[in-house]
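Okay, thanks for squeezing me in. I'll put the sequence and the model up, and then we can walk around it together.

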Amino acid sequence: MADGEAPNLHGNWDFLMVPGGAPSFGVMSIGFVGDQYGGALVPVRTAPVVLRNVTLAGDRIRMVVASAEGDVHFDGRLSAKGDFMCGTVTYHGGATFPMVAQKRPSTYPSQPQAERAR
């Protein structure tokens, strides 16, 4: 990553969250739509859901996941290398649970932020 450029979140991430004390694993795929992020969250035990908003400000990362019951929010921090995030998931009813995600290594040459379509 170039100096001053935001980390590139594009790729597949393994995640673990612990709703109600029960571990929930899965894969989160983040991609570009123009210069914005979007994607999908695919828990092992439930159906895929749309990752419809991802914002990054410094090391703070926020995501909004659409679910049948209402939006689910993630608020966390990104590692300095941009390959690990940890934070809190807040469900539509207000319950909160911890979540961590680690980016899978990839050889895919994703475009730098400065070259993404606007």
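Let me start with a quick one: what percentage of the residues in the protein chain is buried? Of the 118 residues, 28% are buried. And before anyone asks, this is a predicted model, so please keep that in mind throughout.

Right, the overall layout. There are zero helices here and eight strands. If you read from the N terminus, you just get β-β-β-β-β-β-β-β. Those eight strands make a closed barrel in the order E1-E2-E3-E4-E5-E6-E7-E8, and the pairing is antiparallel. Going around this sheet, neighbouring strands are turned by 30° against each other on average, if you ignore direction. As a reminder, strands of a sheet pair through backbone hydrogen bonds, and that can be parallel or antiparallel.

Let's go along part of the barrel. Strand E2 covers 24-33 and strand E3 covers 36-43. They run antiparallel, with eight bridges joining them. If you want a landmark, find Ile30, which sits opposite Gly39 in E3. The two strands form a hairpin with two residues between them, and Gly34 in that turn has a positive phi of about 65°.

Next pair over: E3 and E4. Here three bridges do the joining, again antiparallel. Leu41 has Val49 in E4 as its bridge partner; hang on to those two names, they'll come back. This hairpin has five residues between the strands.

Now jump ahead to E5 and E6, residues 60-65 and 72-78. Six bridges join E5 to E6, antiparallel once more. Two of the contacts are worth clicking on: Val65 is partnered with Val72 in E6, and Ile61 is partnered with Gly76 in E6. The hairpin they form has six residues between the strands, and Gly70 in the turn has a positive phi of about 135°.

On its other pairing, E6 meets E7, which is residues 84-90, through six antiparallel bridges. Gly76 turns up here too, standing opposite Gly87 in E7. So which residue in the hairpin of E6 and E7 takes a positive phi? That's Gly82, near 75°, in a hairpin with five residues between the strands.

While we're on E6, have a look at Leu78, which belongs to that strand. Is Leu78 buried or exposed? Its relative accessible area is 6%, and the cut-off for buried is under 20%, so Leu78 counts as buried. Its C-alpha is 5.0 Å from that of Asp59, although the two are 19 residues apart along the chain.

Compare that with Gln102 over in strand E8, residues 96-103. Gln102 has 47% relative accessibility, so it goes down as partly exposed. It also has a partner from elsewhere in the sequence: Gln102 and Met85 are 17 residues apart in the chain, and 6.5 Å apart from C-alpha to C-alpha.

Okay, on to the pocket. The largest pocket has a volume of about 380 Å³. How many residues line it? There are 23, and the ones nearest its centre are Met17, Leu41, Pro43, Val49 and Tyr91. There are our two names again: Leu41 and Val49, the bridge partners across E3 and E4.

As for what the lining is made of, it splits into 16 nonpolar residues, five polar and two charged. Strands E2, E3, E4, E5 and E6 each put in at least two residues. The largest share, three residues, comes from E6.

Last stop: the aromatics. We get two aromatic pairs in the model. The one I'd zoom in on is Tyr91 with Phe97: the ring centres are 5.3 Å apart and the planes sit at 85°, so the pair is edge-to-face. Why edge-to-face? Because planes over 60 degrees apart fall in that class, and 85° is the angle for this pair. Tyr91, which you'll remember from the pocket centre, is partly exposed at 25% relative accessible area. Phe97, on the other hand, is buried, with 16%.

That's my tour, so feel free to spin the model around and ask away.

Definitions and conventions
Residues numbered from 1 in each chain as written. Predicted model: local features only at pLDDT ≥ 70, side-chain atom pairs only at ≥ 80, totals over all residues. Heavy atoms only, no water. 1 Å grid on protein atoms, 1.4 Å probe; cavity = no way out; pocket = protein on both sides within 12 Å on 5 of 7 lines; lining within 4 Å. Points joined across faces, edges and corners; volume = space filled by probe spheres on them. Helix = DSSP H or I, 4+ residues; strand = E, 2+ residues; numbered from the N terminus. Nonpolar A, V, L, I, M, F, W, Y, C, P; charged D, E, K, R; others polar. Pairing = 2+ DSSP bridges. Axes fitted to C-alpha atoms, helices over the stretch in contact; angles between N-to-C directions. Phe/Tyr/Trp six-rings, centres within 6.5 Å; stacked < 30°, edge-to-face > 60°. Buried < 20%, exposed > 50% of the residue type's maximum accessible area, 1.4 Å probe, protein only.
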